[in-house]
Amino acid sequence: MNFFKIILINLFVFSFANTSYTQETIERVKDSPFPFSSTPDTLFVIYEDNFSDEEILIIQTLQGILAKEKPKIFRDVGTGSTFWLNDLEENHNVFLDYSVGNNFEYLLSLFISDIDSYIKCKLHSSSSNLAISLSGIYNSIPVTDVHLSLMDSLAIPMKYDATNLSNDWFFKNYSDSISKEIVVYQNENKDLCLGDYSVFSKAYHFYDDIHSDLVDSVFSNMNSNSVLLGWGDDEYQTVHKSSRFSINVLPSDYAYNLSVLTNFNQEIQQKSHEITTETRENTHTVCFVMSDGDNIQWLLNWFYTDQRWFGSLNRGQVDIGWTISPSLSELAPTVLNKIYSSASDNINAKDYFIAGPSGYSYIYPNDYVELEEYTEILNNYMLKSDLGIVNIIASDNNDFYLYPYLNKPSVDAIFYYDFSNYSKHKGDIKFLNNKPIISARYNLWGGFENTVSLANKINNLPKDIFSENGYSLIPVHNWSNSVDSIIKCVNLLDSNVRVVSPDKFINIINENLIYDKLEDEIIHLCYPNPISDKLTLELRIGVNQIEKVSLFSINGQKVNDIPFTILESEEKSKIEFDFTSFNSGSYLLKVYTKNNSLVKKLIIN
């Protein structure tokens, strides 16, 4: 991480949402979509196994209702949740109350004044999703037939019978009452997960076919750069559709306690960033990166404890890159800090984190309409979560979709994977805005390469630090491989193959592919910018090297080829453009040369 970025982190100023009841204002970056209330001081611990599914449906909704003012309930479901709970007690001054035990009626009695009504529903059905959505609006709890008599005894009135209602009815009547920043796309079979956050954020908690008219209506109702939590049946279609509406996706269908974890402030910093890295000639350099760090529910549940991944007893033997979601810096900042603080950082190995995919959430940049605004928000999340490299999954590595990332000061590099095959571009490295875009060379993934076949292929690659063929970025598929898979592969590599963490990988590439990088420094001066009428471009090449110049919209749609006037032409060139006939707005100017192409963002007033 460069010195300028360290200064930015230290000087970074967060924006704060208004609230009348917070004892400590919860930090949020500018244009954050994530709501907050107040930091908890006492949490009643609920052990999942002590209660029936019908009771858990009520408990998670009550958890969200209470969290609107201050979180008071935490569900301990084992795995990572136990660690996050203990961390709150040990390091964040939260008192844990275990008095509820398995007494459901006692729990309700503690907070009876916070429950305004109930919604009748059936478990694991569209009516339970509807009930959760209505609970966020009315501070109601979803109740099945099992507990109707209990509601009568507690004098809690029924607001609606959701078993007789539909999603179309809800959206017609309540589209203006739900959040425009958060939507929860959750299969009704998973109605015992994520409901607390839906209620807390007043999000629409629903499910339908991704191609349905209802989904189109719901997505059209959302603000640009809003967030979808949950998950769909088809990864590509869910992210593709969301991106087209400028909605970004956080896989979180089995997430718990987000309404609690989001209400903490936490200074977040990785253990170390290597500023410079020793160069070793006649070496092939490899970087392994574990996949699926965008998956919030995996990070909250099994990631930290399972011995396949961060819970591995063998972690710390080799350098490993890990993808992680920058959104955790606001959804669960104490969790992100705990993960960072548990990273290996020793003489033999380090764990190093990068963002993605494809930023602070999962999007396809080539489909995402408001990409410039998205990357502006990402810039702040990169700073807040102490990250410098972005992993992108997309179906087009065109400069137009990558430039908005690389013109942000907090982004040092891109690790690019194609959705159809992460290693489709076979290790290609190019530079844009003087920053590297590195594509995957091979996949350590079931159905692609195993540890032995991968090691054999890497051992036969060039040992040349001055060529892009001397570097291999290797995505490691988390569901079919593990930390032990990486270690096994590394042990099969030749002595002149070097395995490094992502920060070291970028340092070595920047240092030794410098001549390739200079090709992207053709533009010497570009002024004025913003433009009112004419633009002057000074280049470090002769005008005979320029093939054409084209103007594109900020989203990569071609506007026109642009004629230019030659002002000077020798070893360098000075050319002029007339933009008086173009509409005001943001554009991308692309200069095509015989050996390269380059992009410059323009603003026409």
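**Lys-350, its surroundings and the aromatic pairs**

In this predicted model, Lys-350 turns up in the loop that runs between α14 (333-341) and β13 (351-355). Despite being a loop residue, Lys-350 has a relative accessibility of just 5%, and because buried means under 20%, this lysine counts as buried. Its side chain has polar company. One polar contact, at 3.2 Å, is with the side chain of Ser-272, and another, at 2.7 Å, goes to the side chain of Asp-503. Leaving aside residues up to four places away in sequence, Lys-350 touches a stretch made up of Ser-272, His-273 and Glu-274, another of Val-318, Asp-319 and Ile-320, the pair Ser-344 and Asp-345, and finally Ser-501, Asp-503 and Lys-504.

Lys-350 also shows up next to some empty space. The structure holds three cavities of 30 Å³ or more, and the largest of them takes in about 40 Å³. Lys-350 helps to line that largest cavity, along with Gln-270, Lys-271, Ser-272, Tyr-340, Ala-343, Ser-344, Asp-345, Asp-351, Tyr-352 and Phe-353. The biggest share of this lining comes from β13, which puts in three residues. Ser-272, a polar partner of the Lys-350 side chain, is thus also part of the cavity wall; Ser-344 and Asp-345, which Lys-350 touches, are among the lining residues too.

Turning to the aromatic side chains, a search of the whole structure comes up with 42 aromatic pairs. Tyr-185 and Tyr-207 make one that is stacked, since their ring centres are 4.5 Å apart and their planes meet at 25°. Tyr-185 belongs to strand β7 (residues 182-185), while Tyr-207 sits in the loop between β8 (204-206) and α9 (213-220), so the pair ties together parts that are 22 residues apart in sequence. Both of these tyrosines are buried. Phe-303 and Phe-310 form another stacked pair, with 5.1 Å from centre to centre and 15° between the planes, and both are buried as well.

Phe-303 and Phe-310 also belong to a cluster linked by ring pairs, whose other members are Phe-83, Trp-84, Trp-298, Tyr-304, Trp-309, Trp-322, Tyr-340, Phe-353 and Trp-479. Two of these, Tyr-340 and Phe-353, appear again in the lining of the largest cavity. Phe-310 has a charged neighbour on top of that: the charged end of Arg-315 sits over its ring, 3.6 Å from the centre. A similar arrangement involves Lys-548, whose charged end sits over the ring of Tyr-592 at 4.9 Å from the ring centre.

Terms used
Residues are numbered from 1 along each chain as its sequence is written. This is a predicted model: local features need pLDDT of at least 70, side-chain atom pairs count only at pLDDT 80 or more; totals for chains, interfaces and linings use all residues. Side-chain values use heavy atoms; hydrogens and water are left out. Helices (H or I, at least four residues) and strands (E, at least two) are DSSP runs, numbered from the N terminus. Buried means under 20% relative accessible area, exposed over 50%, partly exposed in between (1.4 Å probe, protein chains only). A polar contact is a pair of N or O atoms within 3.5 Å; within protein, one must be able to donate a hydrogen and the other to accept it, and residues adjacent in sequence count only if both atoms are side-chain atoms. Contact means heavy atoms within 4.5 Å. Rings of Phe, Tyr and Trp (its six-membered ring) pair if their centres lie within 6.5 Å; planes under 30 degrees apart count as stacked, over 60 as edge-to-face and the rest as tilted. A charge sits over a ring if NZ of Lys or CZ of Arg is within 6 Å of the ring centre and within 35 degrees of the ring normal. On a 1 Å grid over the protein atoms alone, a cavity is a set of points where a 1.4 Å probe fits but cannot get out, and a pocket is an open set with protein on both sides within 12 Å along at least five of seven lines; lining residues have an atom within 4 Å of a point. Grid points are joined across faces, edges and corners, and a volume is the space filled by probe spheres set on the points.
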